[in-house]
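Please keep the structure open while you go through this note. Each point takes up one place or one kind of contact.

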Amino acid sequence: MAGKKTSFLYLSEQDMLKAGVLDGKQCVETIDDMFKVVGEGDYIMGGICENEHGQRIYFPEEKRFPNMPVAGPDRRFLSMITYLGGRFNLCACKWYGSNIENTKRGLPRSVLMVTLNNVETGEPFAHMSGNLLSAMRTGSVPAVGAKYLASKDAKVAAVIGAGVMGRATITCMKAALPQLTKAVVYDLVREKAEAFCAQMSSELGFRFEAVGSMEEAVRAADVITIATAGNAKPVIKTEWVKPNAVIATQGTADIPDELFTSSRVVFDEIKMHLAWKEEEEKISPAKRLGFPGASVFRLCEEGKINETDLVSLSQIACGKKLGRTSEEERFILIIGGMPVEDAAWGHTLYHNARKMGIGQELVLWDEPHWM
């Protein structure tokens, strides 16, 4: 029996741009569909629990061998694997290398690649640049959350952190909430916030304003997105937040207990965060990096939040749980990031590229040498 030729489509970052990786509207629609599939349970992520964020390398604090890396700020290698069913029906892996020192080398903090595979044969059918894909899929989650959770009168969005994630998030947020009239932007570096506002107002066609404090940004906003990285956590005070606002946290943030207990807490997918909690509890304190839902689970253990009240955005998207039920509700959306998002957005961009005839076809083999 003759062997089968196997090839796959390679998409560079320029190819991804041509395929529409920065299209906020299509990204939000795709990730909304993905949440519906996840809510129905038609997915599997890594680990025996089927819900792990990813498999990572924990580097030692001191060198064991001359060339072995040591732990450092945002230094990691991470493999994020998944099966996603529904209309997507594929397996995928995002390979993630990150080092905050990269910016001194003229590189992004993270360097990412995404591979898509046939679920029956295991053959790759696409291998693509993942940086912009990952940024947009991350930015789309607060936007999908806002679609279900934001007040019908939401007009102002606050962006905390004028970086790549803030850029992706507000692009998707405007697509999800076309009624937005203004975005207020706060960054530790005022000049960075002002440059962000000038560029994004030109790209998205609505008003942006750089503000001088976190408090000013939060008080003005109906939807607040926190897209920061690093050790300096932005501090939000309860009295700054409107009683019917939505806070979406993709980055680190210092949120007081009383803000959690006076809000409805929604996770992107709570099963993943429970798996994260279990993993953190098994490793030594020195290697613990923390995880987005830690404060909420602590409050559950203290009896201040009822764990049965916690819901997933996936459950809301597929109609199993209610989103906003009144104009008086305030929400905190806790986002960890899931490989199913990379699979879904990668799937869409692959098909866009096929329709447009872009990318490079690479041959794995004309015929397998051994079978």
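1. Start with Asn89 and what it touches. Leaving aside residues up to four places away in sequence, Asn89 is in contact with Tyr83, Leu84 and Val119. The site is a loop: Asn89 sits between β4 (76–84) and β5 (90–98). This is a predicted model, so read every value here as computed from it.

2. Now look at the backbone of Asn89. Its phi is positive, about 50°, although Asn89 is not a glycine. Is Asn89 buried, partly exposed or exposed? The relative accessible area of Asn89 is 44%, so the residue is partly exposed. Compare its place with that of Tyr186. The two are 97 residues apart in sequence, and their C-alpha atoms are 40 Å apart in space.

3. Glu50 deserves a similar check. Its phi is near 70°, again a positive value in a residue other than glycine. Find Glu50 in the loop between β2 (43–45) and β3 (55–56). Glu50 counts as partly exposed because its relative accessibility is 39%.

4. Next, the cysteines. How many disulfides does a search of the whole structure find? The search finds zero. Why does Cys49 have no bond to Cys91? The sulfur of Cys91 is the closest cysteine sulfur to that of Cys49, yet the separation is 16 Å, which is too far for a bond. A disulfide needs the two sulfur atoms within 2.5 Å. Cys197 is in no disulfide either; its nearest cysteine sulfur belongs to Cys172, 18 Å away. As for surroundings, Cys49 is partly exposed because its relative accessibility is 34%. Cys197 has 6%, so it counts as buried.

5. Cys172 also leads to helix α4, where it is one of the buried residues. Helix α4 covers residues 164–176, which makes 13 residues. From its first C-alpha to its last, α4 reaches 19 Å, close to the 18 Å expected at 1.5 Å a residue. Other buried residues in α4 include Gly166, Ala168, Ile170 and Met173. Lys174 is on the buried list too.

6. Ala175 lies in the helix α4 as well. At 30% relative accessibility, Ala175 is partly exposed. Which residues does Ala175 touch, not counting those up to four places away in sequence? They are Gly24, Lys25 and Val28. Glu203 gives a further distance to check: it is 28 residues from Ala175 along the chain, and their C-alpha atoms are separated by 12 Å.

7. Asp268 is a charged residue worth a careful look. It is found in the loop between β13 (264–267) and α8 (270–282). Asp268 is buried, yet it has no salt bridge. The nearest side chain of opposite charge is Arg137, 7.1 Å away. A salt bridge needs the nitrogen and oxygen within 4 Å, so that distance does not qualify. Asp268 does have polar partners. Its side chain makes a polar contact with the side chain of His273 at 2.8 Å. The side chain of Asp268 also reaches the backbone nitrogen of Gly336, at 2.8 Å.

8. Arg137 has a salt-bridge partner of its own. Glu341 pairs with Arg137, and their closest N and O atoms are 3.0 Å apart. The pair links distant parts of the chain: Glu341 is in helix α11 (residues 339–356), Arg137 is in helix α3 (residues 131–149), and they are 204 residues apart. Both Glu341 and Arg137 are buried.

9. What is the count of salt bridges? The count comes to 22. One of them joins the side chains of Glu40 and Lys320, at 3.9 Å from N to O. Glu40 lies in the loop between α2 (24–39) and β2, and Lys320 in the loop between α10 (313–317) and β15 (331–334), so the pair ties together parts that are 280 residues apart in sequence. Glu40 counts as exposed because its relative accessibility is 52%.

10. Finish with Glu302 and Arg298. They form a salt bridge, with the closest N and O atoms 3.3 Å apart. Glu302 is partly exposed at 42% relative accessibility. Arg298 is partly exposed too, with a relative accessible area of 31%. Salt bridges with shared partners also join Lys94, Arg137, Glu341 and Asp342 into one network.

Key
Residues numbered from 1 in each chain as written. Predicted model: local features only at pLDDT ≥ 70, side-chain atom pairs only at ≥ 80, totals over all residues. Heavy atoms only, no water. Helix = DSSP H or I, 4+ residues; strand = E, 2+ residues; numbered from the N terminus. Expected span 1.5 Å × (residues − 1). Buried < 20%, exposed > 50% of the residue type's maximum accessible area, 1.4 Å probe, protein only. Contact = heavy atoms within 4.5 Å. Lys, Arg positive; Asp, Glu negative; His and termini not counted. Polar contact = N/O pair within 3.5 Å; in protein donor to acceptor, adjacent residues only side chain to side chain.
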